[in-house]
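User: I'm new to this structure and would love a close look at one part of it. Could you walk me through the sheet and the nonpolar residues that go with it?

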Amino acid sequence: GDDHSMVLDEHGTVLTFGLGSFGRLGHGNTNNLLVPTPIPALIARAISAGEVDSLVLSRDGSVFAFGDNANGQLGLGDREDRLTPTRIPGLPAVKAVSAGASHSLVVTCGGAVYSFGDGDSGQLGH
């Protein structure tokens, strides 16, 4: 991420640290964390740190988003920031996630690509 980092360990635990503004670390607050800290009850197979937001692909193919949502990049149908991982509704099983500066992409197991957020430079592909 821009000022935060995410780590995925061999057990699927997601750890975050760095600047906590907008809730991008997923711990229910905007506190900065100096050491990698696990996000409770979240088991993942992939992660992606955007500029001020984060995406987690869970083992069951669900996607969770948190942090800044000023451009709708969390894919939740609004522009409210999220301080904790929030499941993106309505997606089929997902196999890959990517968080950009102010946009996000997910690829489903069926090969469909979903994009959300700021597309001013064509980054959403539509």
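**A close look at the sheet and its cores**

Analyst: Happy to! Let's start with one pair of residues: I47 has V56, in strand 4, as its bridge partner. Please keep in mind that this is a predicted model. The two strands around that spot are strand 3, residues 33-49, and strand 4, residues 53-58, which pair in the antiparallel sense over five bridges.

Now let's step back to the whole sheet. It is open and built from six strands, in the order 1-2-3-4-5-6, with antiparallel pairing. At its edges are strand 1 (4-8) and strand 6 (82-87), each pairing on one side only. On average, neighbouring strands in this sheet are turned by 25° against each other, direction ignored. As background, strands of a sheet pair through backbone hydrogen bonds.

Next come the nonpolar residues. In soluble globular proteins, nonpolar side chains tend to be buried together. Here, the largest nonpolar core has 13 residues, and those touching the most other members are L55, V63, I88, L91, V94, V97 and V106. Strand 4, strand 5 (63-67) and strand 7 (94-99) each supply at least two residues of this core. Strand 7 gives the most, with three residues.

V63 is a good residue to click on. Leaving aside residues up to four places away in sequence, its contacts are L55, V56, L57, T86, R87, I88, L91, V94, V97 and V106. A second, separate core has eight residues, including V14, V56, F64 and F66. That brings us back to V56, the bridge partner of I47.

Conventions. Residues are numbered from 1 along each chain as its sequence is written. This is a predicted model: local features need pLDDT of at least 70, side-chain atom pairs count only at pLDDT 80 or more; totals for chains, interfaces and linings use all residues. Side-chain values use heavy atoms; hydrogens and water are left out. Two strands pair if DSSP finds at least two bridges between them. Helices (H or I, at least four residues) and strands (E, at least two) are DSSP runs, numbered from the N terminus. Axes are lines fitted to C-alpha atoms, for helices over the stretch in contact, and angles run from 0 to 180 degrees between N-to-C directions. A nonpolar core is a set of buried Ala, Val, Leu, Ile, Met, Phe, Trp, Tyr and Cys residues joined through side-chain atoms within 4.5 Å. Buried means under 20% relative accessible area, exposed over 50%, partly exposed in between (1.4 Å probe, protein chains only). Contact means heavy atoms within 4.5 Å.
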